[in-house]
2 protein chains.
Amino acid sequence: MENESVVSKIQGAITRNSELFEELANLYKIFGDASRVKILCALTQSEMCVSEISEFLSITQSAVSHQLRILKTSNLVKTRRNGKSIIYSLTDDHVRTIIDCGMEHIAE
Amino acid sequence: MENESVVSKIQGAITRNSELFEELANLYKIFGDASRVKILCALTQSEMCVSEISEFLSITQSAVSHQLRILKTSNLVKTRRNGKSIIYSLTDDHVRTIIDCGMEHIAE
DNA sequence: TGAACATATGAACAGTTGCTCATATAACCA
DNA sequence: TGGTTATATGAGCAACTGTTCATATGTTCA
């Protein structure tokens, strides 16, 4: 079949960049949880502290902290201290783009 | 604090659209696995049958089938039969956009 | 029809995930 | 300094995921 060379080229490209796809999957895995997407989406609108996030998500402060740690480890959010509070915000605008991208797919 | 009204607006918007975020998370969950992203990315280049995918991913035909079922259930791929083979292809171009979007974030 | 090939499906299982509970760390203020 | 508030962290656990193995379904062709 004449499709074979095309397929083997694709195979080559994907096998060579296997780690890249691993990384890509790990990025999407972070967006693959409703709590986290909500947090990220909220942060596209305004920076917020932990207790504010905890309140509007109606989940435990502990749960929020755990999620925020994941987001911070992945460098999607950054923090600064303000008195007793820790204020979370997005590190860059890619998050917004990615969310928009997904939203566009859903709105079909 | 003057941030309060902003936060409560965001809270409202997110609480109202809770199901939307659930849907969004479910979409990203699908992209959150290396095997699936590789399959999807391969399909942006060319339609392929199960055995071809199985070959270049180096995973069982069964595993591929299971993953393809997830992709099909989510309407990301469609199928047609060609003799003994089932040919898989993307249902639309959103997949490509979403992958590109994530890749752009990684390439920083 | 029956053997060979291609794909789908169900059960089982190890690994992962996201939550809660209890507790630790840290800053503020009386 | 001690009490209060804000956040972080670790253990434990139930639910979920992705794979493999065994097997079923479906198509082709001699």
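**Exercise 1. Find the atom of DNA strand C that B:Gln61 reaches for, then look for other side chains that do something similar.**

Step 1. Start with B:Gln61: one of its polar side-chain atoms sits 2.9 Å from a base nitrogen of DNA strand C. That fits the rule for a polar contact (a pair of N or O atoms within 3.5 Å; within protein, one must be able to donate a hydrogen and the other to accept it, and residues adjacent in sequence count only if both atoms are side-chain atoms).

Step 2. Now try the phosphates. B:Ser65 puts a polar side-chain atom 2.8 Å from a phosphate oxygen of DNA strand C. On chain A, an N or O atom in the side chain of A:Gln67 is 2.5 Å from a phosphate oxygen of that strand.

A word on what you're looking at: this is a predicted model, where local features need pLDDT of at least 70, side-chain atom pairs count only at pLDDT 80 or more, and totals for chains, interfaces and linings use all residues. Residues are numbered from 1 along each chain as its sequence is written, chains are lettered from A and ligands numbered from 1 in the order in which they are written, and side-chain values use heavy atoms, with hydrogens and water left out.

**Exercise 2. Describe the protein surface near DNA strand C.**

Step 1. Count a residue as near if one of its heavy atoms lies within 4 Å of the strand. There are 24 residues around DNA strand C, and A:Thr60, A:Ser62, A:Gln67, B:Ser62 and B:Tyr88 come nearest.

Step 2. Sort them by type: five are nonpolar, 12 polar and seven charged. Here Ala, Val, Leu, Ile, Met, Phe, Trp, Tyr, Cys and Pro count as nonpolar, Asp, Glu, Lys and Arg as charged, and the others, Gly among them, as polar.

Step 3. Ask which element gives the largest share. α5(B) does, with five residues. (Helices, H or I of at least four residues, and strands, E of at least two, are DSSP runs numbered from the N terminus.)

Step 4. Flip to the DNA side: of the strand C atoms within 4 Å of the protein, 66% belong to sugar or phosphate, and bases supply the rest.

**Exercise 3. Work out the strand order of the sheet in chain B.**

Step 1. Look for pairs, which need at least two DSSP bridges between the strands. β2 (residues 77–82) and β3 of chain B pair antiparallel over six bridges; β1 (residues 48–49) of chain B joins β3(B) through two, also antiparallel.

Step 2. Check B:Tyr88 in β3(B). B:Met48 stands opposite B:Tyr88, and B:Tyr88 is also the bridge partner of B:Thr79.

Step 3. Put it together: the open sheet of three strands runs β1-β3-β2 in chain B. β1 and β2 of chain B are at the edges with a single partner strand each, so one side of each has no neighbour in the sheet.

Step 4. Finish at the hairpin of β2(B) and β3(B): two residues lie between the strands, and B:Gly83 takes a positive phi near 65 degrees.

**Exercise 4. Characterise the interface of chain B and chain A.**

Step 1. Using contact as heavy atoms within 4.5 Å, 46 residues of chain B touch 46 residues of chain A.

Step 2. The buried area (accessible area, 1.4 Å probe, that two parts lose on being put together, summed over both) is about 4100 Å², with 73% from carbon and sulfur atoms. In chain B, B:Tyr28, B:His105 and B:Ile106 lose the most area to chain A, together 16% of what that side buries.

Step 3. Eight residue pairs are in polar contact across the interface (both at pLDDT 80 or more).
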